[in-house]
Amino acid sequence: MGKNNIRYVCQECGHNSNKWLGKCPACNEWNTFAEEFIDKEVVTKSIGISTNKKPVPLSEVVIDDEERYKTKIREFDNVLGGGIVKGSLVLVGGDPGIGKSTLLLQVADAVSLSHLKVLYVSGEESLKQTKLRADRLNIKSDKILLVSENNLDFIVKYVDEYKPDVLIVDSIQTVYNPNVSSSPGSVSQVREATATLMRISKVDSVATFIVGHVTKSGAIAGPKVLEHMVDTVLYFEGDKNHTFRILRGVKNRFGSTNEIGIFEMSLKGLQEVKNPSEIFLSNRPESAPGSVVVAGMEGTRPVLVEIQALVSNSSFGTPRRMSVGVDHNKVVMIMAILEKKLGIQIQGCDAYLNVVGGMQLSEPAIDLAVVVAVLSSFRDKVLEEGVVIFGEVGLTGEVRAVSHVEQRINEAIKLGFKKCIIPKGNIEHTVSGIEIIAVENVEEMLQYIF
Ligand code: TYD
Ligand code: MG
């Protein structure tokens with residue numbers, strides 16, 4: 001092992017250097033460098049995917065329709081852009097315990113029903129543990145082959161031997177290449193393993209799923225390097241205290257990244273949620289001040305969600321502002337706008353905001369609903385029943401137009417809402433069947449509420 005082969009690699013971004021550094025010059029993280037042995041031969045060997053290829057004219061490239069496997073789990077197929085693409089490499093990332101293994105086992109079962117062969121490689125759990133989970137999910141297929149393995153060479157061997165159509169590797173952080181001397185989960189190992197799996201998936205046309213755990217900072221460990229290498233990156237997210245899970249496409253070479261899939265974790269595994277709005281609004285309190293329904297968008301899909309606010313007099317010198325599901329800075333900004341534009345003495349109050357159901361709302365269209373929720377709680381007045389609100393609020397108190405107006409309104413109609421408060425700039429895109437109130441600024445909106 002020559003000294004020249006020792007590199008110090010940043011475990012966050014993969015930057016490498018000849019000497020140890022306290023702070024990574026590429027991603028500015030502290031104390032992320034670890035010593036790794038780089039075998040130059042292995043690295044160069046793994047880069048080439050295959051030979052004997054000739055460039056062909058773009059116009060002559062044929063796309064056949066049977067390239068995708070449908071799982072019939074609609075929420076899952078949609079996120080992938082219409083099913084699993086043959087020979088694609090998909091990374092499924094998420095916090096530990098969120099349900100990645102459960103999801104992939106259910107996917108394995110679904111594709112095995114279409115007589116496809118699945119190889120499920122578990123590096124984290126024993127066969128018994130996986131079997132226990134399968135029993136819980138009532139999965140009995142004999143088309144699913146299980147193996148508990150960490151060694152990349154053996155995984156390659158199993159794929160050669162059993163020729164599966166779908167390969168699942170759970171998780172990439174536990175897989176190691178014995179020719180690379182750094183420990184499993186390090187950047188070199190993760191990169192090496194992914195490159196090998198990429199080669200398998202392309203050469204043998206195996207649709208491959210790899211599970212990646214997310215590090216504390218939110219990136220997939222062994223991180224950015226991995227996202228660039230794979231065809232599709234899906235994040236499985238959700239609040240552990242709630243049962244809802246969202247599968248979000250962050251990168252997709254075979255479809256749009258706008259789609260999301262919504263699931264509910266039940267005692268018998270993940271169930272698809274076909275109409276999320278109904279579930280999010282199911283336990284809504286009646287006639288409660290501070291509660292407002294917003295028509296938000298999750299990808300290309302409208303969802304109605306309840307936003308709750310609680311504004312009360314503060315007993316501290318510096319009032320508390322807390323928010324769950326909405327960006328904290330947005331709440332602070334909206335409260336400043338309320339004070340300045342509507343003259344409301346809110347600066348001495350504590351304010352708490354919560355999006356019900358563990359949803360995260362980040363789009364600007366929720367601003368107007370936050371305004372009304374805060375006002376409703378501050379004045380202790382109930383917003384009339386059957387009202388849905390959306391619109392962006394600017395710093396001068398103007399209500400700005402947003403996108404997907406028709407979808408949002410249609411969703412409100414579908415769920416029996418009677419009235420919709422929207423930005424004036426969106427008036428041309430409305431649909432009939434519901435009373436529309438278009439407002440230009442927050443002052444004007446005050447006339448219509450409470
Ligand atoms: P798991 O798939 O093991 O998570 P990950 O692979 O992302 O670490 O899921 C773990 C959680 O899901 C665990 O807390 C138990 C829960 N769960 C259910 O609620 N119902 C079920 O049917 C299954 C299989 C798991
Ligand atoms: Mg797992």
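This passage describes the domains, the ligand surroundings and the nonpolar core of a predicted model. Residues are numbered from 1 along each chain as its sequence is written, and chains are lettered from A and ligands numbered from 1 in the order in which they are written. Because the model is predicted, local features need pLDDT of at least 70 and side-chain atom pairs count only at pLDDT 80 or more, while totals for chains, interfaces and linings use all residues; side-chain values use heavy atoms, with hydrogens and water left out.

The protein is divided into domain 1 (1-45), domain 2 (67-274) and domain 3 (279-449), with bounds taken from an automatic or database domain assignment. The centres of domain 1 and domain 3, taken over C-alpha atoms, are separated by 48 Å.

Ligand 1 is surrounded by 16 residues, of which Gly97, Ser101, Thr102, Arg133 and Gly269 come nearest; a residue is near a molecule if one of its heavy atoms lies within 4 Å of it. By class, this shell has 5 nonpolar, 6 polar and 5 charged residues. Here Ala, Val, Leu, Ile, Met, Phe, Trp, Tyr, Cys and Pro count as nonpolar, Asp, Glu, Lys and Arg as charged, and the others, Gly among them, as polar.

Several polar contacts (pairs of N or O atoms within 3.5 Å; within protein, one must be able to donate a hydrogen and the other to accept it, and residues adjacent in sequence count only if both atoms are side-chain atoms) involve the ligand. A polar side-chain atom of Ser101 lies 2.6 Å from an oxygen atom of ligand 1. Polar backbone atoms also take part: that of Gly99 is 3.0 Å from a ligand oxygen atom, and that of Leu267 is 3.1 Å from one. Of the 560 Å² of accessible area that ligand 1 has on its own, the protein covers 76%, as computed by the Shrake-Rupley method with a 1.4 Å probe; for residues, only the protein chains shown count as cover.

Two or more residues of the shell come from each of helix H3 (100-112), helix H4 (127-136) and strand E13 (260-266). Helices (H or I, at least four residues) and strands (E, at least two) are DSSP runs, numbered from the N terminus. H3 gives the largest share, 3 residues.

The largest nonpolar core has 48 residues, and Ile307, Leu368, Ile389 and Ile421 touch the most other members. Such a core is a set of buried Ala, Val, Leu, Ile, Met, Phe, Trp, Tyr and Cys residues joined through side-chain atoms within 4.5 Å, where buried means under 20% relative accessible area, exposed over 50% and partly exposed in between (1.4 Å probe, protein chains only). Helix H10 (residues 367-379) gives the largest share of this core, 8 residues. The core lies between domain 2 (67-274) and domain 3 (279-449) because both give residues to it.
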